[in-house]
Amino acid sequence: MIKRGQNNIHVKVKLGKGCAIDKAALIGAVPIRKIKNLHVVIGNNAVCLYGGIVYLGTKIGDNLILGHYAIIREENIIGDNFKMWSNSVIDYGCVIGDNVKVHSNCYIAQFSRIENNCFIAPGVVLANDRHPGCVFSQKCLKGVVLRKNVQVGCNVTILPGVTVGEGSIIGAGSVVVKDVPALKVICGNPARVIKRVSDIQCLLFPGQTYITRVQDHKQAVSRKCRTKKI
Ligand SMILES: CC(C)(COP(=O)(O)OP(=O)(O)OC[C@H]1O[C@@H](n2cnc3c(N)ncnc32)[C@H](O)[C@@H]1OP(=O)(O)O)[C@@H](O)C(=O)NCCC(=O)NCCS
């Protein structure tokens with residue numbers, strides 16, 4: 001039996017410096033599944049708001065921000081500057097890079113991989129069970145892969161095993177059923193490529209194309225600008 005500490009921070013939790021954990025947050029929730037590593041490691045300056053929960057067996061870098069009722073399950077490996085807002089869930093066994101933001105009401109299924117600088121808008125679901133209800137379904141779970149700098153619009157669903165290429169943007173409400181190449185804009189159900197990221201026109205400044213906030217993405221977008229149109 002795992003012993004609990006006297007407060008909401010479990011005895012097997014290692015927190016970095018400068019962390020602010022709300023009294024009604026729970027760091028070190030005990031998973032129902034049996035897992036080998038029962039420690040939680042969270043880096044410096046974490047902020048965990050009322051209702052946020054991190055399970056045992058998860059490792060998170062510096063500057064975590066965990067919103068209300070946001071849940072990070074066991075056996076996840078998460079980088080620095082991870083932000084996740086209210087009611088979102090990261091299920092177990094995911095790998096998430098640095099500077100990733102997950103907005104409210106999202107579900108990230110087991111074994112998803114999310115690379116650096118990805119943004120996930122409200123209501124997104126990354127699925128992992130292609131044939132739910134099948135006797136073999138637990139054996140063939142396959143997570144979604146988001147390559148670095150991917151931007152996922154509101155209420156998008158991405159089907160199990162799909163890889164979204166570096167820097168692509170998925171339009172709001174899309175259902176992504178197959179792999180997406182890098183630096184494309186896709187939308188619809190089933191989602192299709194509609195343009196290149198570099199073809200997006202700014203709404204504020206006529207003639208201005210898409211400018212990303214991420215430096216290495218910037219170079220990739222402008223390289224593509226010089227290539228042929230899709
Ligand atoms: C996909 C997206 C990036 C395209 O932006 P854009 O280049 O300015 O789009 P355009 O207005 O030029 O649209 C191009 C075409 O795609 C269609 N389209 C745009 N977004 C669409 C979407 N999400 N689903 C289906 N079709 C879409 C437009 O109707 C238009 O079709 P038409 O040529 O037949 O008129 C944008 O529409 C979008 O969905 N952004 C995500 C918003 C979001 O969820 N933000 C999250 C933070 S709140």
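## Around the ligand

Let's start with the ligand in this predicted model. It has 13 residues around it, and the ones that come nearest are Ala121, Gly153, Gly171, Ala172 and Cys187. What classes of residue make up the shell around the ligand? Eight are nonpolar and five are polar, while charged residues are absent from the shell.

Keep Cys187 in mind, as this residue turns up again in the strand pairing. Its bridge partner in strand E26 is Arg192.

## The chain as a whole

Now zoom out. The chain has 230 residues, and 40% of them are buried. Its secondary structure comes to one helix and 26 strands, so strands will fill most of this report. Among the contacts with a separation of 6 or more, 30% are between residues 24 or more positions apart.

How confident is the predictor? The mean pLDDT of the chain is 90, and 88% of the residues reach 70 or more. Two stretches are another story. Over residues 1–6 pLDDT stays under 50, and the model has seven contacts for them beyond four places in sequence. Residues 225–230 also stay under 50, with three contacts of that kind.

## The sheet of ten strands

One open sheet has ten strands, and its pairing is mixed. If you want to trace it on the structure, follow the order E2-E5-E8-E11-E14-E17-E20-E23-E25-E26. Which strands sit at the edges? They are E2 (20–21) and E26, and each of them pairs on one side only.

You can see both kinds of pairing here. Strand E8 (residues 65–66) and strand E11 (residues 83–84) run parallel and are joined by two bridges. In that pair, Leu66 has Met84 in E11 as its bridge partner. E25 and E26, on the other hand, run antiparallel, with four bridges joining them.

## A hairpin with a cis bond

E25 and E26 form a hairpin, and four residues lie between them. In the turn, Gly188 has a positive phi of about 100°.

What kind of peptide bond joins Asn189 and Pro190? It is a cis bond, with omega at about -5°. Look for Pro190 in the loop that runs between strand E25 (184–187) and strand E26 (192–196).

## The sheet of eight strands

A second open sheet has eight strands, this time with parallel pairing. The order to follow is E3-E6-E9-E12-E15-E18-E21-E24. Its edge strands are E3 and E24 (175–176), each pairing on one side only.

For a sample of the pairing, take E15 and strand E18 (residues 125–126). They run parallel and share two bridges. Tyr107 has Val125 in E18 as its bridge partner.

## The nonpolar core

Which residues have the most contacts inside the largest nonpolar core? They are Ile27, Ile170 and Val176, in a core of 52 residues. Several strands give two or more residues to this core, including E3 (26–29), E4 (40–42), E6 (53–55) and E23 (169–170). E17 (119–120), E19 (145–146) and E25 are also on that list.

## Two residues with a positive phi

Glu75 and Phe111 make a nice pair to look up. Glu75 is not a glycine, yet its phi is positive, at about 60°. Its home is the loop between strand E9 (71–72) and strand E10 (77–78). Is Glu75 buried or exposed? Glu75 counts as buried because 21 other C-beta atoms lie within 10 Å, and the cut-off for buried is 20 or more.

Phe111 is not a glycine either, and its phi is positive at about 70°. You'll find Phe111 in the loop between strand E15 (107–108) and strand E16 (113–114). Phe111 has 20 other C-beta atoms within 10 Å, so it is buried too.

## Out in the open: Lys139

To finish, go to the loop between E18 and E19, where Lys139 has its place. Why does Lys139 count as exposed? The reason is its 7 C-beta neighbours inside 10 Å, as a residue with 12 or fewer is called exposed.

How far is Lys139 from Asp129? In sequence they are ten residues apart, and in space the C-alpha to C-alpha distance is 9.4 Å.

How values were computed. Residues are numbered from 1 along each chain as its sequence is written. This is a predicted model: local features need pLDDT of at least 70, side-chain atom pairs count only at pLDDT 80 or more; totals for chains, interfaces and linings use all residues. A residue is near a molecule or strand if its C-beta atom, placed from the backbone, lies within 6 Å of it. Ala, Val, Leu, Ile, Met, Phe, Trp, Tyr, Cys and Pro count as nonpolar, Asp, Glu, Lys and Arg as charged, and the others, Gly among them, as polar. pLDDT is the predictor's confidence in each residue, from 0 to 100. Two residues are in contact if their C-beta atoms, placed from the backbone, lie within 7 Å. A nonpolar core is a set of buried Ala, Val, Leu, Ile, Met, Phe, Trp, Tyr and Cys residues joined through C-beta atoms within 7 Å. Two strands pair if DSSP finds at least two bridges between them.
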